[in-house]
Amino acid sequence: MELEERVALCGTHRGTDHHGRGGRSRRERVMRNVTLIVVHCSANRAGSALRLRDIDRYHRSLGWKGCGYHFVIPADGAVEEGRPLSQVGSHCRGHNSHSIGVCYVGGLDAQGNPADTRTPAQRVALRKLLERLHRKYPKAVIVGHRDLDGHKACPCFDVVREYRDLEP
């Protein structure tokens with residue numbers, strides 16, 4: 001099945017805006033149906049010291065509840081937890097209510113061009129995290145942000161191809 005068909009089967013559930021705010025009750029947020037795991041990059045240059053707390057601070061400055069991602073993986077490969085999985089994220093317009101957002105820090109080369117800048121530690125950490133999430137949400141499709149928004153380069157590598165073995 002082609003990626004477009006798999007994503008279409010995931011559906012687009014409304015009820016919250018792209019900042020994770022909206023009309024869903026607490027119970028509905030806890031019981032949400034996760035059908036997508038979306039991989040992002042932070043669009044920072046390779047070697048950036050950015051951490052979850054920095055993204056959280058920035059997202060709060062925009063008026064959001066906090067970091068829009070559920071997980072952030074800085075250059076050292078640590079897996080930092082952002083929004084609880086029970087809460088709607090704010091990382092991919094039109095897909096937040098039924099997805100989990102994972103972001104690695106990087107995505108731009110030294111000249112500021114989109115590039116896969118994952119460190120070896122980030123590659124290992126991302127793989128392990130996606131394996132864990134796949135076990136928890138076995139029917140969720142793992143995609144890159146660019147697979148849902150053709151105007152984006154994020155996360156600057158082919159997520160679908162790299163993690164094909166984790167397909168539902």
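**Core.** I began with the largest nonpolar core of this predicted model, and I find that it has 23 residues, with Val102, Leu126, Leu130 and Leu133 making the most contacts inside it. The elements that give two or more residues to this core are S1, S3, S5 and helix H4 (120-136), and of these H4 gives the most, with five residues. I then looked up the surroundings of Leu133, leaving out residues up to four places away in sequence, and noted that Leu133 touches Ile37, Phe71, Leu85, Ile100 and Val102. I also recorded a second, separate core of eight residues, which includes Leu50, Cys67, Tyr69 and Cys103.

**Sheet.** Next I traced the strand order, which reads S4-S3-S5-S1-S7 in an open sheet of five strands with mixed pairing. Strand S4 (80-81) and strand S7 (141-144) stand at the edges with a single partner strand each, so I note that one side of each is left without a neighbour in the sheet. Following H4 over this sheet, I see that the helix lies across S1, S3, S5 and S7, and that it runs at about 160° to S3.

**Strand S5.** I asked myself how many residues of strand S5 (residues 99-104) are buried. Six of the six are, so I describe the strand as largely enclosed by the rest of the structure. Taking the two faces separately, I list Ser99, Gly101 and Cys103 on one side and Ile100, Val102 and Tyr104 on the other, all of them buried, and both faces are therefore entered as covered, with burial taken as under 20% relative accessible area.

For the pairing of S5, I wrote down that S1 and S5 run in the parallel sense over six bridges, among them the one in which Leu36 has Ser99 as its partner in S5. Strand S3 (residues 71-73) also pairs with S5 in the parallel sense, over three bridges. Here I looked up two of the partners: Phe71 is bridged to Val102 of S5, and Ile73 is bridged to Tyr104 of S5. I come back to Val102 because, besides being the bridge partner of Phe71 in S5, Val102 is among the residues with the most contacts inside the largest nonpolar core and is touched by Leu133, while its place in S5 is a buried one.

**Backbone geometry.** I then went through the unusual backbone entries. The peptide bond from Cys154 to Pro155 is cis, with omega near 10°, and I place Pro155 in the loop between helix H5 (145-148) and helix H6 (159-162). Cys156 lies in the loop between H5 and H6 as well, and has a positive phi of about 75° although it is not a glycine. Is Cys156 buried or exposed? I have Cys156 down as buried, with a relative accessible area of 14%.

Ala43 is another non-glycine residue with a positive phi, near 60°, and I find Ala43 in the loop between strand S1 (36-41) and strand S2 (44-45). At 45% relative accessibility, I count Ala43 as partly exposed.

**Confidence.** Finally I checked the predictor's scores: the protein chain averages a pLDDT of 85, and 82% of the residues score at least 70. Over residues 5-30 the pLDDT is below 50, and I noted that this stretch has 55 contacts in the model beyond near neighbours in sequence.

Terms used:
Residues are numbered from 1 along each chain as its sequence is written. This is a predicted model: local features need pLDDT of at least 70, side-chain atom pairs count only at pLDDT 80 or more; totals for chains, interfaces and linings use all residues. Side-chain values use heavy atoms; hydrogens and water are left out. Helices (H or I, at least four residues) and strands (E, at least two) are DSSP runs, numbered from the N terminus. Buried means under 20% relative accessible area, exposed over 50%, partly exposed in between (1.4 Å probe, protein chains only). Two strands pair if DSSP finds at least two bridges between them. pLDDT is the predictor's confidence in each residue, from 0 to 100. Contact means heavy atoms within 4.5 Å. A nonpolar core is a set of buried Ala, Val, Leu, Ile, Met, Phe, Trp, Tyr and Cys residues joined through side-chain atoms within 4.5 Å. Axes are lines fitted to C-alpha atoms, for helices over the stretch in contact, and angles run from 0 to 180 degrees between N-to-C directions.
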